[in-house]
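Student: I would like to go through this structure with you. Could we begin with the overall picture and then turn to details?

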Amino acid sequence: MDRDESHVPTVLSAPVAAGRPLPLRVAAPMAVVAGLALLLAFPPYGVWPLAPVGVALLAAAAHRRRMRAGAGLGFLTGVALFAPMLAWTNLHTGYLPWVLLSLLQAGYVALLGAAAAWVSPLADRGRWEWPALTGLLWVGQEALRDRTPFGGFPWGRLAFSQDGSPLLRLAALGGAPLVTFAVSLTGGLLVSAVWRGWAARHEARPEWWLPAAVPAAVVVAVGAVSLLVPVAAAGGGNAVTVAIVQGNVPRLGLDFNAQRQAVLNNHVDATLELAARVAAGAERQPDLVVWPENSSDIDPLRNPTAGARISQAADTIRAPILVGAVLLGPGPGQVRNAGMLWQPGTGADMAQLYAKRHPVPFAEYVPLRDIARRVSDKVDLIRNDFVAGSTPGVVRAGPAVLGDVICFEVAYDEVVRDTVTGGAQLLVVQTNNATFNEAEARQQLAMVRLRAVEHGRPALMASTVGVSGFVAPDGRVSDATGFNTREVVVRQLRLDSGRTLATGLGWWPEVALAGLAVAALAGAGVLRRRQRVVPG
């Protein structure tokens, strides 16, 4: 036997067979590679099969370790995932917000690593416990991270990495939590197959391949079953023609606010150009025009010039425009991030106005401002706090009922679901990516794809700078625009008013899976106490 062959059993097979964790010199690099594999699963890379591989590597690294070591390994995975994924947050605000946000998100993966280490005795009891526990813990971790602190930050959920995967179809049954569970269950099956197969071979069992073959076969079965889940190919309701106007901004960066009139003019002018093409018969007459978030950062209700320009666009195109506007008030020093319907001939329709329900902390408002200022004086760039709206974004726009959500809100399950249960037939995501980059925009578009499948609705994303586009109820993207370009895309859509199982079940799949995760943690505690009192 050569030197390399004798070294591998010493490092890996012996600990696996003897009930010990992998050596730390092996587990630590595995944890880093796990984070990188997870990163590559997300847009803009989109190598979605790497998501379960990343899950498997972290599960193996943390298995049978002390909780503190499991937390450390989870933290390594979290940093390797979130630091590059969230690099767009430092493009115009400096490194501190990026570092703090990345470390905070990595902290939740550290909790996951500690939990994985804690439940190791349960995972060792049978062939199927480890995959199931892995899936439950990932759902539980995401449920916590999606809500804490200050309303949570769901970016980087496993479900959002599967926009091109067969597992995306599971969103129609149980939303993002079920997709996350399927991805992490698959990762658990992979690690179980490799770990137990390796141990069986080291022990020279005659059928050493069987412990590996069965979980591997289940991995294939999970993908095959996902392909059988029915999703809507197109809505069965009325046809509407919708135009997305991506007006672009003069310059990317935070100073787009200083270019407010230019940004508004870009969207007005692009709409007027569309109207000219419609009049010439070169383009279909739209029933609705959608402008992105921040397309009018000048309050058109208080600024007559801004209001007149929007009216000019609506009157010329002869269709209502959903405008992304910043509105002053309701109180002094307060503003609202809103989607408002602007009708041709009559102007602002105040009955069809949606105020963003989930403003972004430290970006649209500053919690604990005095304390935050001690960390960074950049918090004072946000002079006026955005006020949260209180009602779902159900906007009745002529022939279509819209489910309007603004920017990061697409990542929050309940914000999107509330529009559908309120009657939305078409999901609309108004966003402004001018302060970020194309990677962030494509990550957001992946979320729109999941929402379309989850609720069986056509959807669209309208961005100031890109990426904009339409999404069919089966998740396919059409007419996607480039980044940092001025473009207008028009498409006829079929509306839908039905409900998927995921819409009907609401948050119950997540509650059930997260509840089982808590039960597993408690069960592992009981088993650990029993093991301590057993002699020998």
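Tutor: The discussion below covers the overall fold, salt bridges, a charged patch and some backbone features.

Tutor: This is a predicted model, in which local features need pLDDT of at least 70 and side-chain atom pairs count only at pLDDT 80 or more, while totals for chains, interfaces and linings use all residues. Residues are numbered from 1 along each chain as its sequence is written, and side-chain values use heavy atoms, with hydrogens and water left out.

Student: How many helices and strands does the protein have?

Tutor: The protein has 16 helices and 13 strands. Helices (H or I, at least four residues) and strands (E, at least two) are DSSP runs, numbered from the N terminus.

Student: What percentage of the residues count as buried?

Tutor: Of the 536 residues, 56% count as buried. Buried means under 20% relative accessible area, exposed means over 50%, and partly exposed lies in between (1.4 Å probe, protein chains only).

Student: And what area does the protein expose?

Tutor: The protein exposes about 21400 Å², and carbon and sulfur atoms supply 60% of that area. Accessible areas come from the Shrake-Rupley method with a 1.4 Å probe; for residues, only the protein chains shown count as cover.

Student: What share of the contacts join residues at least 24 apart?

Tutor: Among contacts between residues at least 6 apart in sequence, 71% join residues at least 24 apart. Contact here means heavy atoms within 4.5 Å.

Student: Which residues does Gln-352 contact, leaving aside its neighbours within four places in sequence?

Tutor: With those neighbours left aside, Gln-352 is in contact with Gly-339, Met-340, Leu-341, Val-394, Val-395 and Arg-396. Gln-352 belongs to strand β5 (residues 347-355), and its relative accessible area of 13% makes it buried.

Student: Turning to charges, how many salt bridges are there?

Tutor: There are 16 salt bridges in the structure. A salt bridge is a side-chain nitrogen of Lys or Arg within 4 Å of a carboxyl oxygen of Asp or Glu.

Student: Which residue pairs with Arg-157?

Tutor: Arg-157 forms a salt bridge with Asp-146, and their closest N and O atoms are 3.2 Å apart. Both residues lie in the loop between α7 (129-145) and α8 (171-202), so the pair ties together parts that are eleven residues apart in sequence.

Student: Is that pair buried or exposed?

Tutor: Arg-157 is buried, at 1% relative accessible area, and Asp-146 also counts as buried, at 6%.

Student: Which residues are linked with them in a network of salt bridges?

Tutor: The network of salt bridges links Glu-142, Asp-146, Arg-157, Asp-413, Arg-451 and Glu-454.

Student: What about Arg-147; which residue does its side chain meet in a salt bridge?

Tutor: The side chain of Arg-147 meets that of Glu-510 in a salt bridge, at 2.6 Å from N to O. This pair links distant parts of the chain, with Arg-147 in the loop between α7 and α8 and Glu-510 in helix α16, 363 residues apart. Arg-147 is partly exposed at 40% relative accessible area, whereas Glu-510 counts as buried at 6%.

Student: And Arg-476?

Tutor: Arg-476 forms a salt bridge with Asp-474, the closest N and O atoms being 2.8 Å apart. Asp-474 is partly exposed, with a relative accessible area of 22%.

Student: Which residues gather in a patch of positive charge on the surface?

Tutor: Arg-125, Arg-529, Arg-530 and Arg-532 gather in that patch. Patches are made of residues with over 30% relative accessible area and no salt bridge; like charges are joined within 9 Å, and nonpolar side chains (Val, Leu, Ile, Met, Phe, Trp, Tyr) within 5 Å. Lys and Arg count as positive and Asp and Glu as negative, while His and the chain ends are not counted. The place of a charge is taken as NZ of Lys, CZ of Arg, CG of Asp or CD of Glu.

Student: Where is Arg-532?

Tutor: Arg-532 is in helix α16 (residues 508-533) and counts as exposed at 63% relative accessibility.

Student: Now the backbone. Which residues does a cis peptide bond join?

Tutor: One cis peptide bond joins Pro-43 and Pro-44, with omega about 10°; Pro-44 is in the loop between α2 (24-41) and α3 (50-62). Another cis peptide bond joins Gly-329 and Pro-330, with omega about 15°, and Pro-330 is in the loop between β3 (321-328) and β4 (334-343).

Student: Why point these out, along with positive phi values?

Tutor: Most peptide bonds are trans, and most residues other than glycine have a negative phi. Phe-362 has a positive phi near 65°; Phe-362 lies in the loop between β5 and α12 (369-375) and is partly exposed at 43%. Asp-479 has a positive phi near 60° and is in the loop between β12 (477-478) and β13 (487-494).
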